[in-house]
Each structure stands twice: as C-alpha cells, then as structure tokens.
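Got a model open and wondering why its features get the labels they do? Let's go through some of those labels together.

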Amino acid sequence: MRIVIFSHNYPPKRNPRSFRIQNLEQSGFFGKEYLIISTSNLQSSQSIPSTDKLFINKWNYSKLEFLLNIIKRIRYNQLADFISKCIIPDRYVFIQIYYLILYLVKFRKADDLIYTVSNPFSSHLIGIVLQKYFKHEWHADIGDVYFSPMTSNWCIHQTIERKVLVSANRIILNCESIRNHFIKVYSINKEKTQLVPNGVNIKFENCKPISSPILRFSFIGNTYHPVRPGIREVYYILKYIQTHSKRSLILQLFGKQDQPIVKLAKQNPLLIKISYCNSDQELEEAYANSDILINFANVNHPGLPSKLEEYVASGIPIINFIHTERDSSCEYLSSKQAKCLHINCSNDVNQDYSVLERFISN
C-alpha cells in the first residue's frame, strides 16, 4: 500500500509544517513507498537517497506559482477577506482542488492511503472527498486548531474542523494539549489519535556558543495578532533592559514580527534588533549568539509553540511567558526538565524584576 501525502509545505520552504514533513520522511514514518504532492521546489531538497529498500516518488507542480501569485495579490483585499471567511475555508482551497483533480486523473491507485497535512486546513477537504467517494483510508495531520473564538467567528470553520476530526480514520497531532482540546470540544475517540512530535530540524552540535560582553535575550519565531502578538512580552524585556542600563543588554527577534513590535523596535534601535533566519546556518548562528531564549505566549490557544522543541534541544535557559498556569508550554517544559522561568504576562509589565534577576544570576 502506498501513502500519498498532500502537503502544501515542503522544503525548501522554511516553516514548522515543512520541517515536520521532512523529519517524518527522514525517520521512515511514511514507509517504503510514498508519493508527496507539493508545490515546493523539490529538486533542491532530495533529503533521502534512493536505496533498494526505499522507493521515493516526489511530485512537483511549479506551474502553480501563477495561481499562488494571484492569491497573494488579493491577500489584503478586504472584500476578498470577507468572502473567504463566509464561503471558503482559506484561499488555498483552489490549489487543493487542483491537487485533487490531478491526483484523480493521473496518479490515483485504489489502495492508496491518503495523508493530508495542514496548514492550510483546506488540504483536509481532499481527505474528505477521497474517503467518502473513493473509499480511501484517510489520516489527517493537524498542527494547529482551525476554529477558535479568538481567531474566527464564522461557523463554517468549526463545521469543517468537526467534519475532519470525526471523519478521518486517524488523527496525527504534535502535542498532548491539542489532543485534549479536540477530545473536549468534539468528543472524538482518543484511540483514533496519535502523537508525533515535530522534531528538531537543526543540529545543535554545530551551534557552539559565541561569547559576548552583551547579555542577549532572543526570541526565535514569528509574532502575529491575535494568536501570538508578543507586544506585552517585548515591553517587559525592554523595561528590564532600560532599568538595568549599567549592564549591556539586548533583545534579539529572529523572524517576521507583528507591526506593533516593529514600531517599538524602530523607537529603540539600540535595544531591540529584528532579523531573519533564511537558512539552517543562519538559524544555528542565532542560537549560538543567544544567552537566554524567550518564548512568547499563545493567547487562548491550546497548541504548543513549535519552537519549544528546538529551545529545549539547544540547552539554553528559557524565559517562558504565559497567560495562564494551564498553558501547554508549562507542562511540556517541566517534562523536559528545561532550565526555565515562567512569567505571567497578563500581569502588569512594570512588576518587580527580582525573580527575573535571580534567574539570570543563576
């Protein structure tokens, strides 16, 4: 039986879902025969050599770039945004339909096992169709919740999420907190779920610490409203730096940051630096130039921040911001015995810094 993986994200794309699929592939999770359907440029990412025991057939449709460019042009159009929230799950649904048609016309085998990966969540519509009308077994790999009162007020999102979770033969999740959330909200059977961590994408043996007279706080990842705005956390660290001006301190942000953070960085260019990691080497350098890592809190979101696996693997002390003591990161970091300080950022940012000072000193 062949596994057919529908994944919009695949290396050389740099995002958690792309890294996840690569790690699953390298670990042999998909078995000996599988087909990856993706828009990525797979020619530059032949991660596993072909052997007698392993058959790899990767499929790339680079011509979809034209359709992707059209989608990008309407991305910030308010009318298009309103329509997408009302009648379609996300703007990538058209690409998923294209995947489905081409698979049915050219590549389908009756006994294929279908493996759909979000994000985008619309990829799971392929699984729904192939299971219902073509009787395929279907596994859904879900990294984030799709419906949340914080991110969506449209019932179509919850309806689709419920349909996927109830219909899929197996649900693959990356953390315990997401599984508990789905069981609570949709009453799904725990036995049909499977936990598979994202895995770490870089080799930390290459990240030898680079010493510096400056104490470097580092956040590695993206911030975006409303799930992970990060602005309260940045204010907290900035105030600490400003009140300890006799020491050389800096806050480094690696990744795409929300506009309020970008604005604050421009106002404090000597204290806050924003940069990007466009390769594994640059990511390794970011960790090598970090003394304390910072995890920004997810706002009312049950998922585990994808960077925490890397954070723990690095061995660098972590300041973990939370909004509630039930945050999934608390249990995860405790189970990994990470060097960590939890700070509730729901409290006033001008609070006493003595606990943070002791953590840094130790």
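**What follows helix 7, and other labels**

Right after helix 7 comes Ser187, with a positive phi near 55°. Keep in mind that this is a predicted model.

Q: Which residues of helix 7 are buried?
A: Ser177, Ile178, Arg179, Phe182 and Tyr186 are the buried ones in helix 7. The cut-off for that label is under 20% relative accessible area.

Q: What makes up the lining of the second largest pocket, by class?
A: The pocket itself has a volume of about 920 Å³. It is lined by 32 residues, and the closest to its centre are Ser177, His301, Pro302, Arg326 and Ser328. Sorted by class, the lining has 11 nonpolar, 13 polar and 8 charged residues.

Q: Which helix supplies the largest share of the lining of the second largest pocket?
A: That's helix 7, with 7 residues. Helix 7 (176-186) and helix 12 (328-335) each give the lining at least two residues.

Q: What makes the largest cavity a cavity and not a pocket?
A: The test is whether a 1.4 Å probe fits but cannot get out, whereas a pocket is an open set. By this rule there is 1 cavity of 30 Å³ or more. The largest cavity holds about 50 Å³ of space. Its lining consists of Asn174, Cys175, Asn198, Leu304, Pro305, Ser306 and Glu309. By class, these split into 3 nonpolar, 3 polar and 1 charged.

Q: How do you know that the span of helix 4 agrees with what it should be?
A: Helix 4 (residues 93-107) has 15 residues, and at 1.5 Å a residue they should span 21 Å. The expected span uses one less than the number of residues. The end C-alpha atoms of helix 4 are 20 Å apart, so the two values agree.

Q: Which residues of helix 4 are buried?
A: Val93, Ile95, Gln96, Tyr99, Leu100, Leu102 and Tyr103 carry that label in helix 4.

Q: Why is strand 2 called largely enclosed by the rest of the structure?
A: Strand 2 (residues 33-38) has 6 residues and 5 of them are buried, so the description follows from that count.

Q: How do you know that strand 1 and strand 2 pair?
A: Pairing takes at least two bridges, and 4 bridges join strand 1 (residues 3-7) to strand 2, with the two running parallel. Within that pairing, Phe6 is opposite Ile37 in strand 2. The chain gets from strand 1 to strand 2 through helix 1 (residues 16-26), and this β-α-β crossover is right-handed.

Q: What makes a crossover right-handed?
A: With the strands pointing away from you, the path from the first strand over the helix to the second has to run clockwise. Strand 9, helix 9 (residues 259-267) and strand 10 also make a right-handed β-α-β unit. Strand 9 (residues 249-254) and strand 10 (residues 272-275) are parallel and paired over 4 bridges, with Leu251 opposite Ile272 in strand 10.

Q: Why does Phe19 count as buried or exposed?
A: Buried means under 20%. Phe19 is at 13% relative accessibility, so Phe19 counts as buried. Phe19 sits in helix 1. The C-alpha atoms of Phe19 and Ile202 are 9.8 Å apart, although the two residues are separated by 183 residues along the chain.

Q: Why is Lys135 called exposed?
A: The cut-off for exposed is over 50%. Lys135 comes in at 68% relative accessibility, so the label fits. Lys135 lies in the loop between helix 5 and strand 5 (137-142). Lys135 isn't a glycine, yet has a positive phi of about 60°.

Q: And what makes Gln337 count as exposed?
A: Gln337 has 73% relative accessibility and therefore counts as exposed. Gln337 is in the loop between helix 12 and strand 13 (340-344). Although not a glycine, Gln337 has a positive phi of about 55°.

Q: Where are cis peptide bonds found, and what is omega there?
A: One joins Ser118 and Asn119, with omega about 15°. Asn119 is in the loop between strand 4 (113-117) and helix 5 (124-134). Another joins His225 and Pro226, with omega about 0°. Pro226 is in the loop between strand 8 (215-220) and helix 8 (231-243).

Methods:
Residues numbered from 1 in each chain as written. Predicted model: local features only at pLDDT ≥ 70, side-chain atom pairs only at ≥ 80, totals over all residues. Heavy atoms only, no water. Buried < 20%, exposed > 50% of the residue type's maximum accessible area, 1.4 Å probe, protein only. 1 Å grid on protein atoms, 1.4 Å probe; cavity = no way out; pocket = protein on both sides within 12 Å on 5 of 7 lines; lining within 4 Å. Points joined across faces, edges and corners; volume = space filled by probe spheres on them. Nonpolar A, V, L, I, M, F, W, Y, C, P; charged D, E, K, R; others polar.
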